[in-house]
Amino acid sequence: AQRGYLGVDAFFVLSGLLIAKGYCRHDATHGPESAKAFMHRYAAFMVRRGFRIWPVVMLAVLIRCLGSPLDRETLGVFSSWRYVSLFPSPWHMASASNPKDGLSQLWSVGVEMHMYCLTPLLCEAVYSRSHGKRHSHAFLMLGFASALCVALRIYIIIMNGSDDTLYYTPFARMSPYISGLAVCLALDDWKDSQTAIPCTKGTRILNIFADLAAIATLLLSDGHKFVWGRHQLHSVYINGGMAGPAFGWALARCIFRVITADRGVGMWCALQPWVLVQTVFGAKAWGGIALLSYGAYVLQWFAHAGAGLRAVNAHLHLSYVESYGLWVSMCLLWALPCHFLVESPAIRL
């Protein structure tokens, strides 16, 4: 897909927000922390993540291997079994990914699992369960962690001479995930303040400039580089080091503004841009699509091959938007039985 890099970073932002929201919960009975209590909580978290991800990955690998003939062109399908471990190599994901196995998109499973391994550590460092609120240094710590991510990206570019491997390196892609965690903490602060939008003139002006900067970053970034029209920034260090993290933080800012938008009373309040976006994406239909989204992502190759979309596109001469819409629809149809028969039972376990 065009600008497909953005979809992965957007997923990491949303994943960081939702998973941190589930982990950072107030526990009034929570006493002094002990290593045993933390390890129990850590193990429970990883088990839940495994049951959420592993069954549909296992299903995809089984379908691919059982449905493939044994010839030289499809011997790559047997390498698909490495995805079952959920931990493919974190530093050589590009070489481990084989387009012939039909599951090369599952490189992201390894990236996700490495991020999940770090999630409890990050959450415990920035959130107090006994007080039900973030630590005073939380945003400073998250900003420092994001800066380390940028430094690692630049280091990888210097060592490799290009930014090709950044797409597959978990610790170089943590910044969007961290920005999602920051949104979770900011939403907690907003709920405690009981104020949707700051009232002072100075903070309103700062909000406007921050909003414009976030929107401009979303429009200029394609996940790998900054572009405007047919022009692009040619510095590999700025592109590779900053494009992904900047997109993540810009999207995090927009998500926060949409969630906290004040509908107010009257037509002017209802027509505010953030309120309009909130209205569109607040529709219940998106909840159903979100439930199917992971299964659709994992099974996307089967939707493309099983429906013969390439032949359909060639016969009907569909535009990019039409063919992409058809592909997404077929992915969701494949994900529907997968969700009810595999994902949902696993989640309940």
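Is Cys 123 buried or exposed? At 1% relative accessibility, Cys 123 is buried. The model discussed here is a predicted one.

## Overall make-up

The chain contains 14 helices and four strands. It has 349 residues, and 42% of them count as buried. Among contacts with a separation of 6 or more, 69% are between residues 24 or more positions apart.

## Cysteines

The number of disulfides is zero. Cys 123 takes part in no disulfide, and its nearest cysteine sulfur, at 3.7 Å, belongs to Cys 24. Because a disulfide requires the two sulfur atoms to be within 2.5 Å, the 3.7 Å between the sulfurs of Cys 123 and Cys 24 does not qualify.

Cys 184 is likewise in no disulfide, and for this residue the nearest cysteine sulfur is that of Cys 24, 5.2 Å away. Cys 184 has a relative accessibility of 5% and counts as buried. The cut-off for that label is under 20% relative accessible area, so Cys 123 at 1% falls within it.

## Annotated transmembrane regions

An unreviewed UniProt entry carries the annotation "transmembrane region" for residues 139–158, 285–304 and 324–342. In the model, residues 139–158 are 100% helix and 0% strand, and the C-alpha atoms at the two ends of this span are 29 Å apart. Residues 324–342 are also 100% helix and 0% strand, with 26 Å between the end C-alpha atoms.

## Helix α14

Helix α14 runs over residues 320–348 and has a bend of about 55 degrees at His 339. His 339 is itself buried. Other buried residues of α14 include Ser 323, Cys 331 and Ala 335, as well as Cys 338, Val 342, Glu 343, Ser 344 and Ala 346.

## Packing of α2 against α14

Two packed helices are described by the angle between their axes and the distance between the axes. For helix α2 (residues 35–66) and α14, the axes come within 8 Å and cross at roughly 145 degrees. The crossing of α2 and α14 is right-handed. On the α2 side the contact is made by Phe 51, Arg 52, Pro 55, Val 56 and Leu 59; on the α14 side it is made by Cys 338, Val 342, Glu 343, Ala 346 and Ile 347. Of these α14 residues, Cys 338, Val 342, Glu 343 and Ala 346 are among those buried.

Leu 59 belongs to helix α2. Its relative accessible area is 25%, and it is therefore partly exposed. With neighbours within four places in sequence left aside, Leu 59 is in contact with Cys 338 and Val 342. Leu 59 and Val 342 are 283 residues apart along the chain, yet their C-alpha atoms are separated by 8.2 Å.

## Packing of α2 against α11

Helix α2 also packs on helix α11 (residues 285–298), at an angle of about 35 degrees and with the axes 9 Å apart. This crossing of α2 and α11 is right-handed. The residues making the contact are Arg 52, Ile 53, Val 56, Val 57 and Ala 60 of α2, and Leu 291, Tyr 294, Gly 295 and Val 298 of α11. Arg 52 and Val 56 appear in the contact with α11 and in the contact with α14.

## The loop at His 131

His 131 is found in the loop between β1 (127–128) and β2 (133–134). With a relative accessibility of 59%, His 131 counts as exposed. The C-alpha atoms of His 131 and Arg 25 are separated by 9.7 Å, and the two residues are 106 residues apart along the chain.

Terms used
Residues are numbered from 1 along each chain as its sequence is written. This is a predicted model: local features need pLDDT of at least 70, side-chain atom pairs count only at pLDDT 80 or more; totals for chains, interfaces and linings use all residues. Side-chain values use heavy atoms; hydrogens and water are left out. UniProt positions are given in the numbering used here, feature names are shortened, and annotations may be inferred rather than shown by experiment. The bend at a residue is the angle between axes fitted to the seven residues ending there and the seven starting there. Buried means under 20% relative accessible area, exposed over 50%, partly exposed in between (1.4 Å probe, protein chains only). Axes are lines fitted to C-alpha atoms, for helices over the stretch in contact, and angles run from 0 to 180 degrees between N-to-C directions. A crossing is left-handed if the near helix is turned anticlockwise from the far one by less than a right angle, and right-handed if clockwise. Contact means heavy atoms within 4.5 Å.
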